[in-house]
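Subject: A structure for you to look at

Hi,

Here is the structure I promised to pass on. Have a look at it in your viewer first, and then read my notes below.

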Amino acid sequence: MRPSPPPDPSPAADPARIEVALGERAYPVLIGPGVRHRLPAEIARVGARRVVVVSARPPEWTPDPGVPHRVVPARDGEHDKTLATVERLCRAFADFGLTRTDAVVSCGGGTTTDVVGLAAGLYHRGIAVIHLPTTLLAQVDASVGGKTAVNLQEGKNLVGVYWQPRAVLCDTEHLTTLPERERRNGYGEIARAHFIGAGDLRGRPVAEQIAACVALKARVVAADERDSGLRHILNYGHTLGHALEVATGFRLRHGEAVGVGTAFAGRLAGLLGRIDPARVAEHHEVVTGYGLDPTLPSDVDHDELIALMRRDKKATSGLSFVLDGPTGPELVPDVPEPTVRTALV
Ligand SMILES: NC(=O)c1ccc[n+]([C@@H]2O[C@H](COP(=O)([O-])OP(=O)(O)OC[C@H]3O[C@@H](n4cnc5c(N)ncnc54)[C@H](O)[C@@H]3O)[C@@H](O)[C@H]2O)c1
């Protein structure tokens, strides 16, 4: 039987609240059980009179925005993260008569928040959007920070805009229906956050883990919204992670690949003398501590991984990685290939 949401529709008492400080585009991220029921208050704050809710979740999990609205069903998954979906959504917005002063709500995983965010950023050259991320990965990462994108046949996330939401509601009750593998997927991003300033979150309640990761991301995005410097640190573990996703034909979920990439980043930083053996071991322990496998799949070709990592968008000068070091994580260019190969175990 499908688990149904808790019956009490009253808002959670005291959710964690984190502000993404972007001046007049600042917005809150609320985290806790039941925060989806705060949607009407957030819609009122935005001042929207009509709303389209794009939801990949079942009706009982799709909150009422409290104003005249239309629910447009969506499907999570990379397959629907396309320009065709953006067009379908924008046509639904137009059909419902959304104006520039109205709003769109997304309710689903990171694929849905990404595609709805892009549609909202393009419709009428930008309309308010509120995200209700429903996976752990989308709550700790994808829904916060304003990056939106869709895929082309040529590659992932190739078309997008920066479009900040007006609010993000991370309802931890959504996570009660999440399959175990999707939960682990989110923990890949939490594991990498350990090494870029979120601290040791192992064993803490999930709402605290999400709040710490969102607070870290909010700080980084406020300092470097458009990814010209500091925001690179969010890609800790991602250079190998992205290469592994491609090399395995996306058999590995993003967070699983980032877990492997995080353990690798520790080994590489150790080989380069940037961190001591205890810190290298900590990478392994943190990744396994979140239930993730830190080892590379045995069937991946290391030559292919190297070639893919050379094409990474951060790789402006040779093989480049975000690595831990005496002054914290930073982008390290021109890492010698033999050292990278030694760390690929
Ligand atoms: N914009 C950003 O800054 C950013 C950052 C990280 C990742 N992303 C993007 O996020 C996407 C990955 O997001 P994802 O991992 O959430 O994947 P997803 O959206 O595909 O969702 C994963 C699976 O979880 C299911 N699901 C969602 N919510 C559920 C719930 N409450 N209960 C049960 N099942 C549920 C979905 O049906 C799907 O099968 C990628 O496309 C990635 O590029 C974006």
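What follows is a short tour, going from the whole chain to the ligand and then to three residues.

One thing to keep in mind: this is a predicted model.

**The whole chain**

Let's start with the fold. The protein chain contains 11 helices and 11 strands. Its C-alpha atoms fit in a box of roughly 60 × 45 × 40 Å along the principal axes. Does that make for a compact or a stretched-out chain? A compact globule of 345 residues would have a radius of gyration near 20 Å, and the protein chain has 20 Å, so the two agree.

Buried residues account for 56% of the 345 in the chain. Now take the contacts between residues at least 6 apart in sequence: 70% of them join residues at least 24 apart. As for the outside, the chain exposes about 14,500 Å², and carbon and sulfur atoms supply 53% of that.

**Around the ligand**

Which residues come nearest to the ligand? Out of 25 residues around it, the nearest are Glu78, Thr111, Thr134, Thr135 and Thr177. Sorted by class, this shell has 11 charged, 10 polar and four nonpolar residues. Several elements contribute to it: helix H3 (110-122), helix H4 (136-142), strand E8 (155-159) and helix H5 (180-198) each supply at least two residues.

You can pick out some individual atom pairs too. An N or O atom in the side chain of threonine 135 is 2.6 Å from an oxygen atom of the ligand. In the case of glycine 110, a backbone N or O atom lies 2.8 Å from a ligand oxygen. The side chain of aspartate 114 has an N or O atom 2.9 Å from a nitrogen atom of the ligand. On its own the ligand would expose 870 Å², and the protein buries 85% of that.

**Serine 55 and alanine 74**

These two are worth viewing together. Serine 55 sits in strand E3 (residues 51-55), while alanine 74 is in the loop between strand E4 (69-73) and helix H2 (83-96). Is serine 55 buried or exposed? Its relative accessibility is 3%, so serine 55 counts as buried. Alanine 74 is at 17%, and because the cut-off for buried is under 20%, alanine 74 counts as buried as well.

Leaving out neighbours within four places in sequence, serine 55 is in contact with Thr62, Val71, Val72, Pro73, Ala74 and Cys107. With threonine 62 there is also a polar contact of 2.7 Å between the two side chains. Looking from the other side, and again skipping neighbours within four places, alanine 74 touches Val54, Ser55, Ala56 and Arg88.

Try a couple of C-alpha distances as well. Alanine 74 and serine 106 are 32 residues apart in sequence and 9.4 Å apart in space. Serine 55 and alanine 119 are 64 residues apart in sequence and 14 Å apart in space.

**Threonine 262**

Last stop: threonine 262, in helix H8 (residues 254-271). Threonine 262 has a relative accessible area of 0%, so it is buried. What is it in contact with? Beyond neighbours within four places in sequence, threonine 262 contacts Ala191, Arg192, Phe195, Tyr236, Gly237, His283 and Val287.

Have fun exploring!

Key
Residues numbered from 1 in each chain as written. Predicted model: local features only at pLDDT ≥ 70, side-chain atom pairs only at ≥ 80, totals over all residues. Heavy atoms only, no water. Near = heavy atom within 4 Å. Polar contact = N/O pair within 3.5 Å; in protein donor to acceptor, adjacent residues only side chain to side chain. Areas by Shrake-Rupley, 256 points an atom, 1.4 Å probe, with all protein chains shown as cover. Helix = DSSP H or I, 4+ residues; strand = E, 2+ residues; numbered from the N terminus. Nonpolar A, V, L, I, M, F, W, Y, C, P; charged D, E, K, R; others polar. Rg over C-alpha atoms; globule rule 2.2 N^0.38 Å. Buried < 20%, exposed > 50% of the residue type's maximum accessible area, 1.4 Å probe, protein only. Contact = heavy atoms within 4.5 Å.
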